[in-house]
Amino acid sequence: MSADDVVLDITGDVATVTLNRPDVRNALAVDTARELTDRFETIADSDARCVVVEGAGPAFCAGGDIGAMIEGVAEDQPPADRAELVVSAINAAVESVYDCRLPVVAKIDGPTFGAGAGLALACDIQLASPEAKIGFGFRQVGLAIDSGISYSLPRIVGPNKAKELVFTGELLDADAARELGIFTRLFEEDAFEEGVENLATTIAEGPTVALTQAKRLLNRGSEGTFEQALDREATAQGLAFTTDDHEEGATAFMEQRDPEFEGR
């Protein structure tokens, strides 16, 4: 793996993370997954206000690196050791995406499978072109599921549909994934790049503290009771009330103009 297998570019308020292994459809080898984790740690220390995750070439992410798996079998590496090494690295990468305090957008302009699908679902919003496809076909390589799919997929499609998709390994085209809510928005091919850029810019220009608090609340929305949710919201709102962006938003509202948020 080269240092360019996961590329981070921060332009203005938007950080773009590119999986850059197009020759293997951006598969997540152990080192690639670790570098993805490192990139998100860098973003955490930056001034970015929104993150876009994309894949170089014609695929978003093919999931785990099957070639590396075969090498592990050929080298008689103990299965438990293989599983611990591969799964822990990929899970850590996916967790770094899910736990990112900033809104994260998946830009899906091609197929994504297995752990790549888990990576896409760990993002907050999934934007797709007509070329996008998604599948949870771990069964094809004799594996169970990982990368948070047991958590994320049932919450989107319901538990029974999630089981069907996993048990059959069905590959969903862009329209089918959009109908199930797996892709949040589907663009026409000639509008895809501009559509993703516009949405990312809209998010990045928003009240960053308020949006990061909203993300945290939504991610925890199914935990505990309604009263506990209200308590968490009150705490978050108390923080938002102290920000410059709240003052700007309230002032702009009264002055009947668009707010100019600065992310603080």
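Start with the cysteines: a search of this whole predicted model finds 0 disulfides. Select Cys-50 to see what that looks like up close: Cys-50 is in no disulfide, and the nearest cysteine sulfur, that of Cys-100, is 9.1 Å away. Why is there no bond between the two? A disulfide needs sulfur atoms within 2.5 Å, and the 9.1 Å from the sulfur of Cys-100 to that of Cys-50 is too far for a bond. While you are here, colour by accessibility: Cys-50 is buried at 0% relative accessible area, and Cys-100 is buried as well, at 10%.

Next, switch to a cartoon view and find the sheet. You should see an open sheet of 6 strands with mixed pairing, in the order 1-2-3-4-6-9. Select residues 6-11 and 185-186, which are strand 1 and strand 9: these stand at the edges, each with a single partner strand, so one side of each has no neighbour in the sheet. Stay with strand 1 and add residues 14-19, which make up strand 2; the two run antiparallel and are joined by 6 bridges. For one of the pairings, pick Ile-10, whose bridge partner in strand 2 is Ala-15.

Now go inside. Which residues touch the most other members of the largest nonpolar core? Show Phe-40, Val-51, Phe-136, Leu-153, Ile-182 and Phe-183 as sticks; they hold that place among the 48 residues of the core. Then select residues 114-122: this is helix 4, which gives the core its largest share, 6 residues.

Centre on Phe-136 and list its contacts. Leaving aside neighbours within four places in sequence, the partners include Ala-117, Leu-121, Ile-149, Leu-153 and Ile-182, along with Glu-170. A second, separate core has 12 residues, among them Val-14, Phe-192, Ala-200 and Ala-204.

The last stop is the aromatic rings, where the structure holds 2 pairs. Select Tyr-98 and Tyr-151: they are edge-to-face, 6.0 Å centre to centre, with 80° between the planes. Tyr-98 belongs to helix 3 and Tyr-151 to helix 5, so the pair ties together parts that are 53 residues apart in sequence. Both are partly exposed, Tyr-98 at 27% and Tyr-151 at 33%.

For the other pair, pick Phe-187 and Phe-192: the ring centres are 6.2 Å apart and the planes are at 65°, so this pair is edge-to-face. Phe-187 counts as buried at 12% relative accessibility, and Phe-192 is buried at 1%.

Finally, return to Tyr-151 and add Arg-155, whose charged end sits over the tyrosine ring, 3.5 Å from its centre.

Note on methods. Residues are numbered from 1 along each chain as its sequence is written. This is a predicted model: local features need pLDDT of at least 70, side-chain atom pairs count only at pLDDT 80 or more; totals for chains, interfaces and linings use all residues. Side-chain values use heavy atoms; hydrogens and water are left out. Buried means under 20% relative accessible area, exposed over 50%, partly exposed in between (1.4 Å probe, protein chains only). Two strands pair if DSSP finds at least two bridges between them. Helices (H or I, at least four residues) and strands (E, at least two) are DSSP runs, numbered from the N terminus. A nonpolar core is a set of buried Ala, Val, Leu, Ile, Met, Phe, Trp, Tyr and Cys residues joined through side-chain atoms within 4.5 Å. Contact means heavy atoms within 4.5 Å. Rings of Phe, Tyr and Trp (its six-membered ring) pair if their centres lie within 6.5 Å; planes under 30 degrees apart count as stacked, over 60 as edge-to-face and the rest as tilted. A charge sits over a ring if NZ of Lys or CZ of Arg is within 6 Å of the ring centre and within 35 degrees of the ring normal.
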